[in-house]
Amino acid sequence: MIKHPEELVSGLVDGKRALVVGVANKRSIAWAIARRLDAEGARVALTFQGERVLDDVTKLAASLTNGPVPVVPMDVQDEAQMDAAVASVAESLGGIDILVHAVAFARADDLGGRFIGTSPEGFHLALDISAFSLAALAQRVEPHMQAAGGGSIVTLSYLAAERAVPGYNVMGIAKSTLESIVRYLAWDMGEHAVRVNALSAGPVRTLAARGIPGFGDMADMAAKKSPLRREIDADEVADAALFLCSSLSRAVTGETLHVDAGYHAMGLGLRRPRQIWKSGAPPLSRSASVTASIACPAASPAARHTSPIAARPGG
Ligand code: NAD
């Protein structure tokens, strides 16, 4: 029987000091990562955004083993709060080696519907909170990581950075920007042995995910289409985060690692080529049919649902 990774490895981040930003509740991906880092020997500090989540975050912090766990307020739109949070965590933990950034926000009006209707304010807000905040935090932790002789920064992205995902809209643009920021930070900070990477996670049922219209359908479809034919969970993202935070990934930076059961690797994701043939004219040959559906995906019945160009008579 295959053992759970927790049984196979231990102490991968022993003694490291980790600032984890983005815990709202026990379902947060950031919480799964915080628990995993704690279990592997790191000292963790948590932030919270707004008093309404303070109780939850404080209770979660108390359940970690390598306490006491600093819990500090941080709204990434508040420069002074970011300054104070990073300074206070560095003082409490005696430095910072790891930063986990798991923060995203867009107005409900800007998710769902058509991207073309995004307002300038909604655009700036989503990109500020979901993308620029990574750079803003990197600026603040850099001196601490430099003093420690290096560090690791991990952020959370999604496939909509690379592909158009209807409904994800402005958040997709924010994730593209985030992944680009990862590459620029990797260059800037690499000279001080600080590595910067992203995890592109498949759908995980969290608070933020609930704000995305049609999220349940996205998750179901990903589970059907992905090579592993299943959903992923936050613990699996946390295991990959552990890898990126530990010296096992010491030569990895500027990378976006997909943790999505392989969904990103798929094209049409049909179980059998036969499904392409069923409702169309019989193919000349098996290989010719598959080639045609890949070269001209809108021609296949399955692709009609996801192609940007709606089928029109004579079109
Ligand atoms: P979550 O709601 O638990 O976490 C989102 C966090 O962002 C919350 O803790 C919230 O407080 C924080 N946040 C929002 N605005 C903020 C602000 N102004 N200042 C500080 N913090 C702020 O949901 P999650 O799914 O765990 O999201 C974490 C990250 O993972 C996000 O970047 C999300 O886009 C990404 N992600 C999630 C999924 C998924 O399916 N859940 C998939 C891929 C990537």
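**Figure 1. Helix 7 and the shell around the ligand.** Helix 7 gives the most to the shell around the ligand, with 3 residues. Please keep in mind, here and in the views that follow, that this is a predicted model. In total, 26 residues surround the ligand. If you would like a place to start looking, the closest are A24, S28, L156, T206 and A208. Three elements give two or more residues to this shell: helix 2 (29-39), strand 5 (151-157) and helix 7 (207-210).

**Figure 2. The same shell, sorted by residue class.** What classes of residue make up the shell around the ligand? Nonpolar residues account for 19 of the shell, while 6 residues are polar and 1 is charged.

**Figure 3. Helix 4 beside helix 5.** This view brings together helix 4, which covers residues 79-93, and helix 5, which covers residues 120-147. Their axes come within 10 Å and cross at roughly 30 degrees. Because angles under 35 degrees count as roughly parallel, helix 4 is roughly parallel to helix 5. The crossing of helix 4 with helix 5 is right-handed.

**Figure 4. Residues where helix 4 meets helix 5.** From helix 4, the contact is made by M82, D83, V86 and A90. Helix 5 brings A136, L137, R140, V141 and H144 to the contact. Sorted by class, the contact of helix 4 with helix 5 has 6 nonpolar residues, 1 polar residue and 2 charged residues.

**Figure 5. A219 and its surroundings.** A219 sits in helix 8, which runs over residues 215-225. Is A219 buried, partly exposed or exposed? A219 counts as partly exposed, because it has 18 C-beta neighbours inside 10 Å, and a buried residue would need 20 or more. Leaving aside residues up to four places away in sequence, A219 touches P203, R205 and E231. You can also look for G202 in this view: A219 and G202 are 17 residues apart in sequence, and their C-alpha atoms are 7.9 Å apart in space.

**Figure 6. The close-ups in the setting of the protein chain.** To place these views, it helps to step back to the protein chain, whose secondary structure comes to 12 helices and 7 strands. The protein chain has 315 residues, and buried residues make up 40% of them. How are contacts spread along the sequence? Among contacts in the protein chain between residues at least 6 apart in sequence, 72% join residues at least 24 apart.

Notes:
Residues are numbered from 1 along each chain as its sequence is written. This is a predicted model: local features need pLDDT of at least 70, side-chain atom pairs count only at pLDDT 80 or more; totals for chains, interfaces and linings use all residues. Axes are lines fitted to C-alpha atoms, for helices over the stretch in contact, and angles run from 0 to 180 degrees between N-to-C directions. Helices (H or I, at least four residues) and strands (E, at least two) are DSSP runs, numbered from the N terminus. Angles under 35 degrees count as roughly parallel, over 145 as roughly antiparallel, 65 to 115 as roughly perpendicular and the rest as oblique. A crossing is left-handed if the near helix is turned anticlockwise from the far one by less than a right angle, and right-handed if clockwise. Two residues are in contact if their C-beta atoms, placed from the backbone, lie within 7 Å. Ala, Val, Leu, Ile, Met, Phe, Trp, Tyr, Cys and Pro count as nonpolar, Asp, Glu, Lys and Arg as charged, and the others, Gly among them, as polar. A residue is near a molecule or strand if its C-beta atom, placed from the backbone, lies within 6 Å of it. A residue is buried if 20 or more other C-beta atoms lie within 10 Å of its own, exposed if 12 or fewer, and partly exposed in between; C-beta atoms are placed from the backbone.
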